[in-house]
Amino acid sequence: MNFSNFSDEKVKLKATLKINGKKVKGKKITFKFKGKTYKVKTNKKGIAKVTIKKNVIKKLKKGKKYTVKMTYLKDTIKTTVKVK
């Protein structure tokens, strides 16, 4: 899985799922961000996208780092994002 960051106005989390080098569609990926869980299926290009609601965005502090976990079956990627 690969991960994409977010912009200042909209928080968009995006992951691309590849198995044996091929993009896979219709698989569930779970995102965990700020204590909330988002479950999304990959599209035909193997991409799962989540747009975070504005009420969550308002609680983010500039300059602070937040943890994002993405899970597919037993594989988990943990990364941090920094608010600018």
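**Exercise 1. State how much of the protein chain is buried, and describe its surface.**

Of the 84 residues in the protein chain, 33% are buried (under 20% relative accessible area, with exposed over 50% and partly exposed in between; 1.4 Å probe, protein chains only). The model is predicted: local features need pLDDT of at least 70, side-chain atom pairs count only at pLDDT 80 or more, and totals for chains, interfaces and linings use all residues. Residues are numbered from 1 along each chain as its sequence is written, and side-chain values use heavy atoms, without hydrogens and water. Next, the surface. The accessible area is about 6,300 Å², and carbon and sulfur atoms hold 46% of that (Shrake-Rupley method, 1.4 Å probe; for residues, only the protein chains shown count as cover).

**Exercise 2. List the elements, then analyse the β5 and β6 hairpin.**

Start with the count: one helix and nine strands (DSSP runs numbered from the N terminus; helices are H or I, at least four residues, and strands are E, at least two). Their order from the N terminus is β-β-β-β-β-β-β-α-β-β. Now pair the strands. β5 (residues 28-33) and β6 (residues 36-41) run antiparallel, joined by six bridges (pairing takes at least two DSSP bridges between two strands). Thr30 has Lys39 in β6 as its bridge partner. Two residues lie between the strands of this hairpin, where Lys34 takes a positive phi near 55°.

**Exercise 3. Place Gly63 and find its contacts.**

Locate Gly63 in the loop between α1 (54-57) and β8 (65-72). Gly63 counts as partly exposed because its relative accessibility is 47%. Leaving aside neighbours within four places in sequence, Gly63 contacts Lys82 and Val83 (heavy atoms within 4.5 Å). Finally, the C-alpha atoms of Gly63 and Val81 are 9.9 Å apart, with the two residues 18 apart along the chain.
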